[in-house]
Amino acid sequence: EDPVDAWRKHNADLKLRMDFLNDKNFKTLKFKSSKTDLTMELPEGHIWLSGASKDPNGVDFNANMPTEEVFSMPHKFKVNGIVHSTKPLVYGGNVIDDFALTFKDGKIVDFTAEKGAETLGKLIDTDEGSHYLGEVALVPFKSPISDTNIVFFNTLFDENASCHLAIGASYPTCLKNSDGLSEEELKERGLNYSLTHVDFMIGDEHMNIKGYTRDGQEVDIMIDGRLQV
């Protein structure tokens, strides 16, 4: 298959996932696996985006290659539970591994790490916003990167093998009608501000994700690492 044709087909698949999630307009996501039990609310007017987009002239554009994710933002103050990493994270040249974060009302209130606990603590303490999340991204467990069974120790590759979250800043582009709003207005809508934005991987073959719409409908988004959309 021609590489460009394959790339365009993949981008079309990402758009289908993105459109499905945007059409559902979920209020809440629940992540459940062997070690993760996390509930996350999404802001009103949130938008799911994919790694594939178009530039101002309408030309297909991928900021990161490869890309497997569709992503949005959690509400800064509406994340509760515990989430466990599934791949190592390299930060500032140091490896953080086998770590867990506990959230209450969006804030990281506790953490543990088998390796790199001091580095993780410094990351969390970067500023006020680094105690909160800024991104949620969905990636199927079975992906070309995941299937290599290689840990690259580089987040731009490893994040394409796993669902992931990000400590720190949110992207205003993940909110409808965000252009022209002040920082305070964006904060009121649930946007998180921070000097940092660090992705960490949470997905594996046991991950299950349910979405709950604003009218109470329950939808299976992921079952045992397989996206249902």
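**Sheet, cores and surface of the predicted model**

Five strands line up in an open sheet, in the order β3-β6-β11-β12-β13, and they pair in the antiparallel sense. The edges belong to β3 (49-50) and β13, and since each has a single partner strand, one side of each is left without a neighbour in the sheet. Everything described here comes from a predicted model.

Moving inward from the β13 edge, β13 runs antiparallel to strand β12 (residues 164-168), and five bridges join the two. One place to look at this pairing is G168, which stands opposite H197 in β13. On its other flank, β12 pairs with strand β11 (residues 133-138), again antiparallel, over four bridges. Here L133 has I167 of β12 as its bridge partner. Strands of a sheet pair through backbone hydrogen bonds, in either a parallel or an antiparallel fashion.

Is strand β13 enclosed or open to the outside? Four of the five residues of strand β13 (residues 197-201) are buried, so the strand is largely enclosed by the rest of the structure. That holds even though β13 stands at an edge of the sheet, with a single partner strand.

The nonpolar interior comes next. The largest nonpolar core has 38 residues, and L29, F31, M40, L101, L138, L165 and F200 are the ones with the most contacts inside it. Strand β9 (residues 94-104) supplies the largest share of this core, namely four residues. Apart from it lies another core, this one of seven residues, including F71, M73, A137 and C174. In soluble globular proteins, nonpolar side chains tend to be buried together.

F31 gives a good view of the larger core's surroundings. Leaving aside neighbours within four places in sequence, F31 is in contact with T36, D37, L38 and M40, and also with V136, L138, I202, M207, N208 and I209. Two of these partners, M40 and L138, are themselves listed with F31 among the residues with the most contacts inside the core.

P88 is another residue worth a stop. It is found in the loop between β7 (79-84) and β8 (89-91), and P88 counts as buried because its relative accessible area is 12%, under the 20% cut-off. Not counting residues up to four places away in sequence, P88 touches V95, I96, D97, V151, F153 and M201. The chain also brings P88 and D158 together from 70 residues apart, with 8.9 Å between their C-alpha atoms.

Two of the residues touched by P88, V151 and F153, turn up again at the surface, where they join V90 in a nonpolar patch of about 220 Å². V151 sits in the loop between α3 (144-147) and α4 (155-158). With a relative accessible area of 33%, V151 is partly exposed.

As for charged pairs, the structure holds 11 salt bridges. Side chains of opposite charge can pair when their charged atoms come close. In helix α5 (residues 183-188), K187 and E183 lie four residues apart, about one turn of the helix, and their side chains meet in a salt bridge (3.2 Å, N to O). Both ends are partly exposed, K187 at 33% relative accessibility and E183 at 40%. E184 joins in too, linked with E183 and K187 in a network of salt bridges.

Elsewhere, K142 and D147 form a salt bridge through their side chains (3.3 Å, N to O). K142 is exposed at 58% relative accessibility, whereas D147 is partly exposed at 44%. A further bridge links K210 with E218, the closest N and O atoms being 3.2 Å apart. Both partners are partly exposed, with relative accessible areas of 29% for K210 and 47% for E218.

Finally, a couple of backbone oddities. Most residues other than glycine have a negative phi. N177 has a positive phi instead, near 55°; N177 is found in the loop between β12 and α5, and at 70% relative accessibility it counts as exposed. D224 also has a positive phi, near 50°. D224 lies in the loop between β15 (218-223) and β16 (226-227), where it is partly exposed at 37% relative accessibility.

Terms used. Residues numbered from 1 in each chain as written. Predicted model: local features only at pLDDT ≥ 70, side-chain atom pairs only at ≥ 80, totals over all residues. Heavy atoms only, no water. Core = buried A, V, L, I, M, F, W, Y, C linked by side-chain atoms within 4.5 Å. Buried < 20%, exposed > 50% of the residue type's maximum accessible area, 1.4 Å probe, protein only. Contact = heavy atoms within 4.5 Å. Salt bridge = Lys/Arg side-chain N within 4 Å of Asp/Glu carboxyl O. Pairing = 2+ DSSP bridges. Patch = residues over 30% accessible without salt bridge, like charges linked within 9 Å, V, L, I, M, F, W, Y side chains within 5 Å. Areas by Shrake-Rupley, 256 points an atom, 1.4 Å probe, with all protein chains shown as cover.
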